[in-house]
Every structure is written in C-alpha cells, then in structure tokens.
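Subject: Structure handover

Hello,

Please find the structure below, with notes on what turned up in it. The notes follow directly after it.

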Amino acid sequence: MIYEIVTNVFGEKVVQRTDADGTIWFIPTDPANADYQAYLNKDTLPSNSSIPQAGE
Amino acid sequence: MTVTRHPNNQGVTLTQWRYNATGGETTLSGTDAFGAGLSYTVGAEQVFVNGVLLERGVDYTASTGTTVTGLTALVAGDIVTVSSPSAFNVANAIPKATVAAKGDLIVGNGASSVTNLAVGADGTTLVANSSAGAGVSWTSQFLAGKNKIINGDFGIWQRGTSFSNPNGVYTADRWYCGYDGSGSTRTISQQTFTAGTAPVAGYEGTYFLRIATTVAGSGQTYANLYQPIEDVRAFAGQTITLSFWAKADSSRTLTPTYGQSFGTGGSSAVYGSFSALNLTTSWQRFSTTVTLPSISGKTIGTNSQLQINLTFPLNAVSTIDFWGVQVEAGSVATPFTTATGTLQGELAACQRYYYRQSLANNTGVYMTYLGNATMSATLYFPTIMRVTPSATCNINSYTTSNSPTATQVYLNAYYVGNLSGTWSSGATTIGAGSPNFGYINLYGWTSPTTGLLYSLGGGTSCYADWSAEL
C-alpha cells in the first residue's frame, strides 16, 4: 500500500491509498474510520487478519 | 343452610344442612330452616345432634343421599347438622406416570382428557396449534434480533461472488478472510443451493460460502474467515453459542476462535477458542459454547470489535462450505435466523459498513459543472454508514458514446447530448462528506455548459465503493 495526503476539490485533506492491485482509495481524516486509523498506525498495528488459530 | 368452603385447597365443597327439631323425629329429609334440601355424599356424611357427632350405622342410617333414618327420637329444640363434602373421585387424579421424561408436559387433548407432551428440542418454543392432537406443539421460531452475525446466511455479496486468493479482504458482506504462509491458492465463492437441498427445512437458504484451497502452500499459522462484530462490549462476560452448518470435501476438524479487539488506543486483544468441530462431507449443524471474558478494567479504543472466526484448514488442499452462522447469548443454539430476519434488513445492516453503488447504465446520478474544469455529483447512501467511509470507484475513462465499455462513463444533458471531451481515470476523485453522503468529481473538462445537469452513464463494471468497515 502507498499512502499520500491529497487535497480534494473542497480543500479538505484526505489520505489517498493505492493498493497492490492499483485500486485507489480516498480515506477521510475521520478518527473513527478504520482505514484512517490503519494509516495513522501503519507502522505499529498488526494485520487485522492475524487472529491466532487454535489449530486443526 | 349450605356452607361452601375449600378444605385443604383441594376444590372440595362442604355442604351443611341444619335442622331445628320439633320433637320425636327419627327420620330427616327435605329442606332445612334456610331452604336448602338435604343432600349428602353417602359414606362421607357426618351427622351432629347439638354438636355431638353421631356414629354412622349405629346412631343413624344414611344410604340414600337425601334422607337420614334410624335416629333416636329427637327432642324439641335439638339442632341437627348434616355435613357432607361434595363427591370426588381420586380415580380422576392425574398419575405421575403420565410424564415420561424431564421437560414433558401434561396437556389436555379433549374434554376431561389429558396426554403427555414430550419435551421439545432445545431452543424450541411451545405454541398453540389447533391441528395438533394436544392443541399445542413445539416449534422452531424464526425470530430476529438474537443473532449478532450479519449476513449469516451469506445472502449479500456486494463486492462480487468470487474472490481469488482473498487475503486481507472482505468477501461476502461482513466476512473477512486472512491467512499467512506462502504458496497457497484458494478461492472464496458464492455457491447456490439446489432448490430443496438447503440444510434447514422451512428456511430455504439461497447461497452458501465455499472456501476452496487448491494449492496447500506452507507455513500457515492462521487461516481465518471471520466477522468483526461492532463494539467489543458485545456479549462481554456472557456465555455465547456459535452455531453454523458446514460440510467439507472430507473429514475435517475446525476450531473456531474469537477475539476481543479493544481497538486503536485500547487494551491488548484477548483471544480464545471454541470447541473443535468435526466436519463431514454432509451438511451438519455445529454448535459450540464459550463464556467470553469480562471487559472490566479494559480500555476501549477506536473501532473495537468482537471477532468470530470460523477458520479453515491450515496448509491443506480442502473445500469447506459454510451456511447459517449464528452467535447468540446463552448455551443453546436456537433455530437459525439472520440478524434482521429479512433480506432488506440484512442488506441495510451490511450497508452500514460497506456500500457498492453501481454506476452502470442509467445510474440516476447527475453531475453539475463546478468550474475549475470539474464536474461533480453528490451521492447519498441508502443507509447511514458507521462512520464517514473510505471511497473508491471503478471508472477508467470517458466516452462520448452511449455504449461505453465496461469501465467507461459518459455524461448526457437533456436536449444537448453527450458532453464531449477526453478524460482518464487519474482525473477522478471520490470521497465522503459524512456517513450520509459522498461525492464524485471528474476533472479535466473544457467549458461544459454551466447550469445543466448531466446524467452519468456507465459501463457494466462501473461502480463506487464506500467502506466504513471496522
């Protein structure tokens, strides 16, 4: 993922995230938005998918 | 005189007949001083003279129910009282043997007739049923609200119906897939039940979810298909039961897990496991119960959640099918129902977290020229989303044709025609202003007519995505 801060047409700062498949997401700087939280904590948060598994 | 009372609360009435003697009577019958006729239950009567109880068969004879004979001649002024309980027959008492097992009920099945109603299956409810012999029967209720899993019947697939190597993405609505390791290949897809083959009679599921791993890969330590339930407070400290139907390509063991994630800025997550479940090649309902830890003393941050994780086999070629996932309070898996009980309710519940707005064909979206080479449209969401959502869209280019390719759009103004111009995907932004609405902007226009509404038309694969997932 590649993050950039861009300004939208209304003059607001938003986070632009480019995924590996080329999809571009525009993420509001809303603290309650999970994608924004992931951006803010991208260097510290573990992957959201890594729930430990008890095994088969 | 007739006195009615209920000795020992057994519903037996006591009748008293009182007579003032005129002298010389040895036989009693007829009405007493209060107008009540002498009537007694033979063998249960008691005869008193001036309060002294006489001895049946010695001091008197009472064999008819309406007369007392054989008395020693009464003296004028004697007060005779004949007391008798109403008739009852202990043979009408319901024997204990009517019930056969724990939970059985004795119910009426007609006038003066009872029968045993065997206890129902776990979670069933007793309802009146005029067609049942007992007039009542146990039934499975499809009630909404008990199931905290949204889209538990896999009826909503806004993002698509097939996902290749879906690592770190949502698949069917609300269902997130993630795994580690390397080299594995898998697909999550929507599968359709053949009519009449859904695992629950009376609840014809349409779709189920399949995880097909075709290349095992190696090094996997987790393989998760989970749903994040909003707010870690959900079921905290409570006993919950997870239930679902599943089958596999061969005998497989899955151990569902849970996670209490306290969100960004919150306490460290707490994880645990349900019981191991043995899948077979046939649809089978599984249920497993745990008591979730209390959240007392924890700090709850942003986007906290309770994760219910079905899991799938690690490092193995396998096919697992899931349907009818339910998480509810208590230790009994009650009959499955979706969280909302309706298809429209499930869609709305899903769209609180994610909404894909098709921009195909005549979209109903109208753009206006804002100036600064920008066309803009406001898009309102059908459901207020959880938070202001992230946004993306699948629009790659512009055409003046009314027959766009899959990812092309065109703009048409009434009586003016299609807007001319060239434009590419880099000239698009999309975003949300609040949990209620978003906007889409297309840049690069050269002097479109101001004041006109341009209808946005798109190819079959054009869409806007709004995500407020946890």
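Over all chains, the structure, which is a predicted model, holds 11 salt bridges. In chain A, the side chains of Asp19(A) and Arg17(A) meet in one of them, with an N to O distance of 2.7 Å. Asp19(A) and Arg17(A) are both buried. The pair also belongs to a network of salt bridges that links Arg17(A), Asp19(A) and Asp35(A).

In chain B, Glu469(B) forms a salt bridge with Arg159(B), and the closest N and O atoms are 2.8 Å apart. This pair links distant parts of the chain, with the two positions 310 residues apart. Glu469(B) lies in the segment after strand S33 (463–467), while Arg159(B) sits in the loop between strand S8 (136–139) and strand S9 (162–164). Glu469(B) and Arg159(B) are both buried. Another salt bridge joins the side chains of Asp231(B) and Arg233(B), at 3.0 Å from N to O. Asp231(B) counts as partly exposed because its relative accessibility is 26%, and the partly exposed class runs from 20% to 50%. As a general point, side chains of opposite charge can pair when their charged atoms come close.

The interface between the chains is another matter: the rule finds zero salt bridges across it. What is found there is seven residue pairs in polar contact, both residues being at pLDDT 80 or more. By class, the side of chain B that touches chain A has 15 nonpolar, 23 polar and three charged residues. In total, 41 residues of chain B are in contact with 27 residues of chain A. The two chains bury about 2,800 Å² between them, and 54% of that is on carbon and sulfur atoms.

Next, the nonpolar cores. The largest has 38 residues, of which Leu209(B), Leu225(B), Phe244(B), Ile308(B) and Phe322(B) touch the most other members. Several strands of chain B give two or more residues to this core, including S13 (207–215), S14 (223–230), S20 (284–291) and S22 (318–329). The largest share, five residues, comes from S15(B). Leaving out residues up to four places away in sequence, Leu209(B) touches Leu225(B) and Phe322(B), and its other contacts include Phe154(B), Trp157(B), Ile188(B) and Ile320(B). Apart from this core lies another, of 33 residues, among them Ala377(B), Met385(B), Val409(B) and Ala432(B).

Helix H1 of chain B covers residues 343–351, and its buried residues are Gly345(B), Glu346(B), Ala349(B), Cys350(B) and Gln351(B). Strand S23 (354–358) of chain B is included in what covers them. What caps the N-terminal end of H1(B)? The cap is Thr342(B), with a side-chain oxygen 2.8 Å from the backbone nitrogen of Gly345(B).

Chain A has one helix and three strands, and from the N terminus on its elements run β-β-β-α. It has 56 residues, of which 41% count as buried. Among the contacts in chain A with a separation of 6 or more, 11% are between residues 24 or more positions apart.

Regards

Note on methods:
Residues numbered from 1 in each chain as written. Chains lettered and ligands numbered in written order. Predicted model: local features only at pLDDT ≥ 70, side-chain atom pairs only at ≥ 80, totals over all residues. Heavy atoms only, no water. Contact = heavy atoms within 4.5 Å. Buried area = accessible area lost by both parts, 1.4 Å probe. Salt bridge = Lys/Arg side-chain N within 4 Å of Asp/Glu carboxyl O. Polar contact = N/O pair within 3.5 Å; in protein donor to acceptor, adjacent residues only side chain to side chain. Nonpolar A, V, L, I, M, F, W, Y, C, P; charged D, E, K, R; others polar. Buried < 20%, exposed > 50% of the residue type's maximum accessible area, 1.4 Å probe, protein only. Helix = DSSP H or I, 4+ residues; strand = E, 2+ residues; numbered from the N terminus. Core = buried A, V, L, I, M, F, W, Y, C linked by side-chain atoms within 4.5 Å.
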